[in-house]
Amino acid sequence: MRRPQLSGDRVQSRWWYWIAAVPIVFGFWLVTVAWVAFAISMEPDLLFGPDNPLEHALLVSMAAMGIPFAILIVILPLAVFQDTVAINRAETGWEPSSQNFALAGLLGVVSAILVGVLTIDISLALVAGFALSVPLALYYLRERHQNLGVP
């Protein structure tokens, strides 16, 4: 038995994988911070750093996740733009605005740069960029699912 044909099957784009990676990686990072904070609170001499286990966990987790965060923040506007262009070409009935979604995606990049310049704190800049990127990614994926059935 074949599964029913979804309108999203006509869209020849896998750019939405990058968009889906944004909230997934952010969720993974939150679990990592919680785990590292727990480990540091159980054994404070585990790693030398700030007295606050949560602050220490944020710093340690950024060492591991900082580059993937930066890459996803920068790729999100391009991924949203490319995916919406592919959706519009496929004439699925949903016509998302490529420019509006891409500009919204740039808010994460701009906020990361501004926070980085103003605070000279790369970790805080990346968290600020993700704080704006995650809601956009979740909104876009929800709209894509409601209109195309995929993801």
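Helix H1 covers residues 16-42, and its 27 residues should span 39 Å at 1.5 Å a residue. The C-alpha atoms at its two ends lie 40 Å apart, which agrees with that expectation. Keep in mind as you look around that this is a predicted model.

**A bend in H1**
- Follow H1 along its length and you will find a kink of about 25° at Val-22.
- The proline Pro-23 comes shortly after this kink.

**A nonpolar patch on the surface**
- Leu-103, Leu-106, Val-110, Ile-113, Leu-114, Val-117 and Leu-118 make a nonpolar surface patch of about 700 Å².
- One of these residues, Leu-106, sits in helix H3, which runs over residues 98-119.
- Leu-106 has a relative accessible area of 37%, so this residue counts as partly exposed.

**Salt bridges**
- The model has 2 salt bridges by the rule used here.
- One of them joins Arg-144 to Asp-83, with their closest N and O atoms 2.7 Å apart.
- Because Arg-144 belongs to helix H4 (residues 122-148) and Asp-83 to helix H2 (residues 53-90), this pair ties together parts that are 61 residues apart in sequence.
- Both Arg-144 and Asp-83 are buried.
- Another salt bridge links Arg-142 with Glu-143, and here the closest N and O atoms are 3.1 Å apart.
- Arg-142 is partly exposed, with a relative accessible area of 45%.
- Its partner Glu-143 has a relative accessibility of 16%; the cut-off for buried is under 20%, so Glu-143 counts as buried.

Methods: Residues numbered from 1 in each chain as written. Predicted model: local features only at pLDDT ≥ 70, side-chain atom pairs only at ≥ 80, totals over all residues. Heavy atoms only, no water. Helix = DSSP H or I, 4+ residues; strand = E, 2+ residues; numbered from the N terminus. Expected span 1.5 Å × (residues − 1). Bend = angle between axes of the 7 residues up to and from the residue. Patch = residues over 30% accessible without salt bridge, like charges linked within 9 Å, V, L, I, M, F, W, Y side chains within 5 Å. Areas by Shrake-Rupley, 256 points an atom, 1.4 Å probe, with all protein chains shown as cover. Salt bridge = Lys/Arg side-chain N within 4 Å of Asp/Glu carboxyl O. Buried < 20%, exposed > 50% of the residue type's maximum accessible area, 1.4 Å probe, protein only.
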